[in-house]
Amino acid sequence: PVGPAELTSTGFVSPFGEDGQVFSHRVGNAILFTAGKEDRLLPGAVVNAEVAKRAKLIEAQTGKQVKGKARKALKEEVVFEMLPKAFVRPGRTDGYIDTGRGLIVINTSSAKGAEGIVSMMREALGSFPAVPASPSLSVTDLMTGWISGEALPEKWILGDACELKDPAEKGAVVRCTGQELRSEEIDKHLETGKKATKLALQYDDRLSFTLGDD
């Protein structure tokens, strides 16, 4: 839990919720875990308003402006007093380690957030060598090929949305939603050299999402 004088706190929590007694769960080669985080919500605007209020009072009493180090010290004092009363926002991010394939998978779209959890893993284990996954093929070329009619992997089908971009600097961008992607209209964009940078996909009637070139 985040302390009364802390802005944030991180650590591992049970993947089975608050009442869980274990911090990981293994099935075959997959080890499930959950990273927890607690943040104290202290908006900068609230702090600055209180600092300005107190500075004005001090200036009225002393006749001296509160600037530089004095204002910084005043702000630290305000934060110290407000932190214990601030709301706490909890957060959870699931992940798993695939020991068979040498992968760690983090359920977040934030690269920074994923790297933060990998760093937590390194701190917990002492050593955890890991680098971001890198595809052997260009994701853009792969998605463009699927739209143009190349076979998708088994159980995968195209969705109804995509983003096509001219690779030239400041090139045109076309965004389609609710669109049949295997169509003459889309083919004309591909013929002009546009590449797919985002593509809606579905897997096995169980999962639908948009894949980006990043």
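Begin by selecting helix H1 (residues 44-62) and helix H2 (residues 68-82) in this predicted model: their axes come within 9 Å and cross at roughly 125°. That angle makes H1 oblique to H2. The crossing in which H1 passes H2 is right-handed.

Next, display the side chains where the two helices meet. On H1, select Val46, Val47, Asn48, Glu50, Val51, Ala52, Arg54, Ala55 and Ile58. Opposite them on H2 are Arg71, Leu74, Lys75, Glu77, Val78, Val79, Glu81 and Met82. Coloured by class, this contact of H1 with H2 shows 10 nonpolar, one polar and six charged residues.

Now turn to the aromatic rings. The model has three aromatic pairs. Select Trp156 and Tyr203, whose rings form a tilted pair, 4.8 Å centre to centre with 40° between the planes. This pair links distant parts of the chain, with Trp156 in strand S6 (residues 156-165) and Tyr203 in strand S8 (residues 195-203), 47 residues apart. With 28% relative accessibility, Trp156 counts as partly exposed; Tyr203, at 24%, is also partly exposed.

Keep Trp156 selected and add Phe209. The centres of these two rings are 5.9 Å apart and their planes stand at 85°, so the pair is edge-to-face. Distant parts of the chain are again linked, since Phe209 lies in strand S9 (residues 207-212), 53 residues from Trp156 in strand S6. Phe209 has a relative accessibility of 30% and therefore counts as partly exposed.

Finally, show Trp156, Tyr203 and Phe209 together: ring pairs link these residues into a cluster.

Notes: Residues are numbered from 1 along each chain as its sequence is written. This is a predicted model: local features need pLDDT of at least 70, side-chain atom pairs count only at pLDDT 80 or more; totals for chains, interfaces and linings use all residues. Side-chain values use heavy atoms; hydrogens and water are left out. Axes are lines fitted to C-alpha atoms, for helices over the stretch in contact, and angles run from 0 to 180 degrees between N-to-C directions. Helices (H or I, at least four residues) and strands (E, at least two) are DSSP runs, numbered from the N terminus. Angles under 35 degrees count as roughly parallel, over 145 as roughly antiparallel, 65 to 115 as roughly perpendicular and the rest as oblique. A crossing is left-handed if the near helix is turned anticlockwise from the far one by less than a right angle, and right-handed if clockwise. Contact means heavy atoms within 4.5 Å. Ala, Val, Leu, Ile, Met, Phe, Trp, Tyr, Cys and Pro count as nonpolar, Asp, Glu, Lys and Arg as charged, and the others, Gly among them, as polar. Rings of Phe, Tyr and Trp (its six-membered ring) pair if their centres lie within 6.5 Å; planes under 30 degrees apart count as stacked, over 60 as edge-to-face and the rest as tilted. Buried means under 20% relative accessible area, exposed over 50%, partly exposed in between (1.4 Å probe, protein chains only).
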